[in-house]
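The following exercises guide the reader through one protein chain. Each task is followed by a solution in steps.

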Amino acid sequence: MPIHFTIDHKTRFVDARFDGVLVLKDVEDFCDTIVGQNCLPYRKLIDGRTATGKYDDNDVMALGARLSAYATMGPRGALAMVPAEGASLELVDRLMNLGKDGRPAKAFHSIDDARKWLSAQPEA
């Protein structure tokens, strides 16, 4: 699986690493686990520095719809995403805008900046 993650229920934190070529199903499976483990209110760090996505506009819209639906399920924790070096933040920004409603979310070029920002965010 190209997504490796740990869920720390004590600190209410999800630390995910996206690696290799990802398709929509990979991200959907990850999201299903987050929902199934009741982790939507947790802070989440997605480290995509070693990942690339294989997707089309329909995949992006399907994922955006899923992320928007999560907003109706209760509070969601802050989300920090770090894409691969040299990657445009356009897709990250697009997805975050589709699913951001009601929570802080931000894209970063630096994993250290992402962690620092995320640690300063209030719990949901």
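Two strands are said to pair if DSSP finds at least two bridges between them. The model used throughout is a predicted one.

**Exercise 1. Determine which elements make up the chain and in what order they occur.**

Solution.
Step 1. Count the elements: the chain has four helices and five strands.
Step 2. Read them from the N terminus on: the order is β-β-α-β-α-β-α-β-α.

**Exercise 2. Establish the strand order of the sheet and identify its edge strands.**

Solution.
Step 1. The five strands form an open sheet in the order S1-S2-S3-S4-S5, and their pairing is mixed.
Step 2. Strand S1 (3–8) and strand S5 (105–107) are the edge strands, since each pairs on one side only.
Step 3. On average, neighbouring strands of this sheet are turned by 10 degrees against each other, direction ignored.

**Exercise 3. For each pair of neighbouring strands, state the sense of pairing and give one residue pair.**

Solution.
Step 1. S1 and S2 are antiparallel and share six bridges. Histidine 4 stands opposite arginine 17 in S2. The hairpin of these two strands has four residues between them, and arginine 12 takes a positive phi near 55 degrees there.
Step 2. S2 and S3 run parallel, joined by nine bridges. Alanine 16 has isoleucine 46 in S3 as its bridge partner.
Step 3. S3 and S4 also run parallel, with four bridges between them. Here lysine 44 is matched with its bridge partner leucine 79 in S4.
Step 4. Strand S4 (residues 79–82) pairs with S5 in the parallel sense over three bridges. The bridge partner of methionine 81 is alanine 107 in S5.

**Exercise 4. Describe how helices are placed relative to the strands, and give the handedness of the β-α-β units.**

Solution.
Step 1. Helix H1 (residues 24–36) lies across S1, strand S2 (13–22) and strand S3 (43–53), and runs at about 165 degrees to S2.
Step 2. S2, H1 and S3 together make a β-α-β unit that is right-handed.
Step 3. A right-handed β-α-β unit is likewise made by S3, helix H2 (residues 57–70) and S4.
Step 4. Helix H4 (residues 111–119) lies across S2, S3, S4 and S5, at about 160 degrees to S3.

**Exercise 5. Is aspartate 47 buried or exposed, and what surrounds this residue?**

Solution.
Step 1. Locate the residue: aspartate 47 lies in strand S3, and arginine 17 stands opposite aspartate 47.
Step 2. Apply the cut-off: a residue counts as buried under 20% relative accessible area. The relative accessible area of aspartate 47 is 9%, so the residue is buried.
Step 3. List the neighbours: leaving aside residues up to four places away in sequence, aspartate 47 touches Ala16, Arg17, Phe18, Val82 and Ile111.
Step 4. Examine the side chain: that of aspartate 47 makes a polar contact with the side chain of arginine 49 (2.8 Å).

**Exercise 6. State what share of the chain is buried, how its contacts are spread along the sequence, and what surface it exposes.**

Solution.
Step 1. Of the 124 residues, 42% count as buried.
Step 2. Consider contacts between residues at least 6 apart in sequence: 76% of them join residues at least 24 apart.
Step 3. The chain exposes about 6,900 Å², of which carbon and sulfur atoms supply 52%.

Conventions. Residues are numbered from 1 along each chain as its sequence is written. This is a predicted model: local features need pLDDT of at least 70, side-chain atom pairs count only at pLDDT 80 or more; totals for chains, interfaces and linings use all residues. Side-chain values use heavy atoms; hydrogens and water are left out. Axes are lines fitted to C-alpha atoms, for helices over the stretch in contact, and angles run from 0 to 180 degrees between N-to-C directions. Contact means heavy atoms within 4.5 Å. Buried means under 20% relative accessible area, exposed over 50%, partly exposed in between (1.4 Å probe, protein chains only). Accessible areas come from the Shrake-Rupley method with a 1.4 Å probe; for residues, only the protein chains shown count as cover. A crossover is right-handed if, with the strands pointing away from the viewer, the path from the first strand over the helix to the second runs clockwise. A polar contact is a pair of N or O atoms within 3.5 Å; within protein, one must be able to donate a hydrogen and the other to accept it, and residues adjacent in sequence count only if both atoms are side-chain atoms.
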